[in-house]
Amino acid sequence: MVLTLFGIFLALVLFYFFVSGLIANGMAMPLRRPICRTPSFFGIVFEEVSFNSRTDNVSLEGWYIDAGQNKTIILMPGGKQNREDTTTKLLELCVDLAKRGFSILTFDRRGCGTSEASRLRTRACLDRDIAGAVDYIRNRKGLRENIFLFGFSLGALAALACAKEEKSIKAVVSDSCFSSISEMASRILKNTCKIFVIFQPGAVYMGRLIFGLDRENAIDKVPYINCPIFFINGAEDKSVPPEDTYRLIKASNNPLDEIWIVASAGHTQSYITHPKEYIDRVVHFLSDRISK
């Protein structure tokens, strides 16, 4: 009888972690979305560039738009999107910012678009990808270049992680960044099927164990970032509610930080819903941080 109960318990534990592993795999694995347009679609001159991530030298592919000034924005898409990212109109955003005088580097993170994939740790270590982009710009433009980091959702987390270590970054634009990995996982699972929430602790654990998911949340990083951060969040965002952004700006406690909760906007949809105001606010925020 005891052995039977132990066998049932063991089977349930194995089932729990098996399902948790499947969920972690689904959240961690990248996706090869095709790139259909380039900046030339909008009449913008650009270069196809490649560079390596920092530390582990994963080959990354991107677009570089040279505005001819000493200010460069490095943009990282969120989730499993590529550098075109039609869900946020990232390409259009890059074009609009380039027209306002900023050089632009946007790229496919590891395992997405045309960038190389690393073994297993495909959704982790993204700070290494954006740090590699910083190295590329420094080597190309010199140490006096004003470098800004800009990310959406998971890309925003990577930008914040990089800014924590890179003290020379002038500012960060964080659009729809979640404050806690575990809370974000719970919301994703709840939106998929409420019963899946019971697998959240196991999925986060397996994500860290197998895929190298960062143990440090955004809310743990922001207090150690020296540069100002522009936090943007949609008022109607169900994946990353505005409360996450309020927690982040409170934890950052930098008087130069700014926050914009965008009316009627869902997750990473603020540029789509308010394109002109979005560009005006971002350009104004970054322009105040440029060293001449």
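**Exercise 1. Which residues in H4 are buried?** Work through the helix in this predicted model, then look at what covers it.

*Solution.*
Step 1: Locate the helix. H4 spans residues 154–165, which makes twelve residues.
Step 2: Check its length. From the first C-alpha to the last, H4 reaches 17 Å, close to the 16 Å expected at 1.5 Å a residue.
Step 3: Apply the cut-off, where buried means under 20% relative accessible area. The residues that pass are Leu-154, Gly-155, Ala-156, Leu-157, Ala-158, Ala-159, Leu-160, Ala-161, Cys-162, Ala-163 and Lys-164.
Step 4: Draw the conclusion. Eleven of the twelve residues of H4 are buried, so the helix is largely enclosed by the rest of the structure.
Step 5: Find the cover. Among the elements over the buried residues of H4 are the strands S3, S5, S6 and S7, along with helices H3 (126–141) and H7 (218–221).

**Exercise 2. In what order do the eight strands form the open sheet?** Then take a look at one strand pair.

*Solution.*
Step 1: Read across the sheet. The order is S1-S2-S4-S3-S5-S6-S7-S8, with mixed pairing.
Step 2: Identify the edges. Strand S1 (47–52) and strand S8 (258–262) each pair on one side only.
Step 3: Add the twist. Ignoring direction, neighbouring strands of this sheet are turned by 20 degrees against each other on average.
Step 4: Pick the pair S6 (residues 171–175) and S7 (residues 229–234). These strands run parallel and are joined by four bridges. On S7, Ile-229 is the bridge partner of Val-172.

**Exercise 3. Is Phe-148 buried or exposed?** Place the residue and list its surroundings.

*Solution.*
Step 1: Phe-148 sits in strand S5.
Step 2: Its relative accessible area is 0%. Buried means under 20%, so Phe-148 is buried.
Step 3: Go through its contacts, leaving out residues up to four places away in sequence. Phe-148 touches Lys-71, Thr-72, Ile-73, Ile-74, Phe-102, Lys-170, Ala-171, Leu-286, Arg-289 and Ile-290.
Step 4: Compare sequence with space. Phe-148 and Leu-75 are 73 residues apart in sequence, with 8.6 Å between their C-alpha atoms.

**Exercise 4. Where does Glu-84 lie, and what does Glu-84 touch?**

*Solution.*
Step 1: Glu-84 belongs to the loop between strand S3 (71–76) and helix H2 (90–99).
Step 2: With 4% relative accessibility, this loop residue, Glu-84, counts as buried.
Step 3: Beyond four places in sequence, Glu-84 touches Pro-34, Ile-35, Cys-36, Arg-37, Trp-63, Leu-90 and Leu-91.

Technical notes:
Residues numbered from 1 in each chain as written. Predicted model: local features only at pLDDT ≥ 70, side-chain atom pairs only at ≥ 80, totals over all residues. Heavy atoms only, no water. Helix = DSSP H or I, 4+ residues; strand = E, 2+ residues; numbered from the N terminus. Buried < 20%, exposed > 50% of the residue type's maximum accessible area, 1.4 Å probe, protein only. Contact = heavy atoms within 4.5 Å. Pairing = 2+ DSSP bridges. Axes fitted to C-alpha atoms, helices over the stretch in contact; angles between N-to-C directions. Expected span 1.5 Å × (residues − 1).
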